[in-house]
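Here is a friendly walk through the model you are about to see. It covers sheets, domains, the contact between chains and a few charged pairs.

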Amino acid sequence: MPEASWHRVAAVSDIIDGEAKPARVGELEIALVRVDGTIHAFEDVCPHAYALLSQGFVEGNEIECPLHAARFEISTGKVLCPPADRDLQVYPVRVDGDDVLVQIVR
Amino acid sequence: MFLRNYWYVAASVDEVKAKPFGRIILGEPVVFFRAADGMAVALEDRCPHRRLPLSMGKLVGDDVLQCHYHGLRFDRTGACVRVPGQDMIPPAARVKAYPVIERYKWLWIWMGDPALADPSQICDFHWIDDPNWGAKGDYLHVLANWQLVVDNLLDLTHLAFVHETTIGNAALVEHAAVKVQRGPEHVLVTRWIIDQPAPPTFVKVGKFTGNVDRWQIIDYRPPAFLRLDVGATPTGTGAPEGKRVGGISMRNLNAITPETETTSHYFWAQAHDFDVKNAELTDRIFQQIKLAFLEDVDVFTAQQRLIDLNPAAPTIDINADSGGIQARRIVDRLYAEEQAALTAQRTAAE
């Protein structure tokens with residue numbers, strides 16, 4: 001049975017507007033980005049060539065891969081242009097005081 | 001691929017003398033000399049008569065260059081002013097003249113449309129002749145494409161490997177995050193190392209007694225200007241916020257000029273803001289960096305040999321390549337823009 005659990009991954013104050021914050025839950029690499037006041041979490045590894053998206057470029061609700069310029073919609077994980085060919089996994093986010101928690105199902 | 005509408009460093013000012021010398025810039029032969037009034041002159045280094053380099057000739061009078069082959073003479077505007085043995089000068093007898101400016105101990109040349117040559121666009125390298133800095137520069141001829149040099153200078157992670165025994169510091173690679181920022185015509189690669197012991201060379205010149213905040217900031221401007229800002233201040237004194245007190249800083253200054261698609265002119269200098277009048281120290285720092293640069297040159301040269309052998313061999317990119325990749329994307333875009341403007345000009349002319 002898959003099990004969902006919440007994990008603290010960052011402090012709210014660690015997340016700077018316009019920048020992606022990398023975080024980990026076990027081996028899982030996650031990127032956190034605030035867009036219009038809402039924090040979003042998505043898988044940090046670009047499905048194309050395994051670059052870390054958190055080292056890429058945030059522009060509004062889009063993030064661009066630092067290496068080959070694939071773009072994704074931050075709030076939905078939707079792939080917007082090649083060379084990536086699939087959407088990113090996104091994770092539910094909850095803010096509890098200064099803690100940012102993400103929900104992982106495994 | 002060359003960007004033409006930019007100022008490039010063509011020579012060190014000391015190289016430009018009354019005796020002409022030739023250098024290929026962006027695939028074009030250029031002859032440089034200094035006229036009697038002290039002005040530097042750059043002309044196409046190819047006699048339009050039988051294509052001998054004019055740099056094999058000599059200066060006659062104040063500013064007239066005479067071809068070594070048949071004695072045709074050209075003034076500093078590139079106009080032919082004498083053809084031995086005949087009175088008439090053919091109307092097409094002229095060579096191209098390039099705008100040049102001496103600044104920061106370098107001779108800058110404009111290889112593009114002369115109407116666009118605006119000296120205010122010259123990249124700032126004031127540290128080279130600023131009295132508040134000690135500086136020393138050099139020239140290296142590199143058997144590699146200019147963009148390989150740019151890639152190298154935008155990449156901090158090779159330090160621990162290529163420069164293991166010179167300026168490398170393996171500990172930095174693993175523990176400090178590199179941040180890449182970009183704009184339409186710049187890339188900034190920044191690494192901060194906060195509250196760590198200063199490396200021995202820094203302790204020696206900076207007299208640090210405790211931990212320091214250390215920075216490495218690489219500023220790239222197209223086509224190929226890289227200004228590296230490195231330094232340290234006592235930890236907690238505000239350097240990350242922009243307030244630098246009680247520390248030391250150095251600039252590693254690089255201007256790469258394409259010679260051909262596979263060879264480059266590499267002008268560089270090292271500047272420091274401590275003990276600035278100490279020429280012996282300036283030289284010692286310069287020599288240390290030069291050792292490291294020669295290690296890089298070995299790398300570019302070997303890369304170019306394999307690129308020539310099989311340009312289509314596949315490569316991969318790793319996270320550390322982001323700065324270099326952003327720079328290449330800027331160059332690609334600017335090149336496309338220049339080509340589109342040229343096409344538009346040609347269409348308008350027809």
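Two strands are said to pair if DSSP finds at least two bridges between them. Helices (H or I, at least four residues) and strands (E, at least two) are DSSP runs, numbered from the N terminus.

## Ground rules

This is a predicted model, in which local features need pLDDT of at least 70 and side-chain atom pairs count only at pLDDT 80 or more, while totals for chains, interfaces and linings use all residues. Residues are numbered from 1 along each chain as its sequence is written, chains are lettered from A and ligands numbered from 1 in the order in which they are written, and side-chain values use heavy atoms, with hydrogens and water left out.

## Two open sheets and a hairpin

In chain B, four strands make an open sheet with antiparallel pairing, and their order is 5-6-7-8. Its edges are strand 5 (58-60) and strand 8 (80-82) of chain B; each has a single partner strand, so one side of each is left without a neighbour in the sheet. Further in, strand 6 (residues 64-66) and strand 7 (residues 73-74) of chain B run antiparallel and share two bridges. There B:Leu65 has B:Phe74 of strand 7 as its bridge partner.

Chain A offers an open sheet of four strands as well, antiparallel and in the order 2-3-4-9. Strand 2 (21-25) and strand 9 (90-91) of chain A are at the edges with a single partner strand each, so one side of each lacks a neighbour in the sheet. Strand 2 of chain A pairs with strand 3 (residues 28-35) of chain A through five bridges in the antiparallel sense, and A:Ala23 is matched there with A:Ile30 of strand 3.

Back in chain B, strand 12 (residues 178-183) and strand 13 (residues 186-196) are joined by six bridges, again antiparallel. How many residues lie between strand 12 and strand 13 of chain B in their hairpin? There are two, and B:Gly183 stands opposite B:His186 of strand 13.

## Two domains in chain B

Chain B is split into domain 1 (7-120) and domain 2 (125-334), with bounds that come from an automatic or database domain assignment. Taken over C-alpha atoms, the centres of the two domains of chain B are 34 Å apart. Each domain puts 16 residues into the contact, where contact means heavy atoms within 4.5 Å.

The size of an interface is often given as the accessible area lost when the parts come together. Here buried area is the accessible area (1.4 Å probe) that two parts lose on being put together, summed over both. For domain 1 and domain 2 of chain B that comes to about 1400 Å², with 70% on carbon and sulfur atoms. On the domain 1 side, B:Tyr8, B:Tyr104 and B:Trp106 lose the most area to domain 2, together 44% of what that side buries.

Between these domains of chain B there are zero salt bridges; a salt bridge is a side-chain nitrogen of Lys or Arg within 4 Å of a carboxyl oxygen of Asp or Glu. Strand 1 of chain B gives the most to the domain 1 side that touches domain 2, with six residues.

## Where chain B meets chain A

Twelve residues of chain B are in contact with twelve residues of chain A. The two chains bury about 950 Å² between them, and carbon and sulfur atoms give 42% of that. In chain B, the residues that lose the most area to chain A are B:Arg182, B:Asp317 and B:Asn319, together 52% of what that side buries.

Four salt bridges are found across this interface of chain B and chain A. B:Arg182 takes part in a salt bridge with A:Glu64, where the closest N and O atoms are 2.7 Å apart. On the chain B side that touches chain A, strand 12 and helix 6 (322-349) of chain B each supply at least two residues.

## Salt bridges overall

Over all chains, the structure holds 27 salt bridges. One of them is between A:Arg86 and A:Glu43, with 2.8 Å between the closest N and O atoms. Which parts of the chain does the pair link? A:Arg86 is in the loop between strand 8 (79-81) and strand 9 of chain A, while A:Glu43 is in strand 4 (residues 38-43) of chain A, 43 residues apart.
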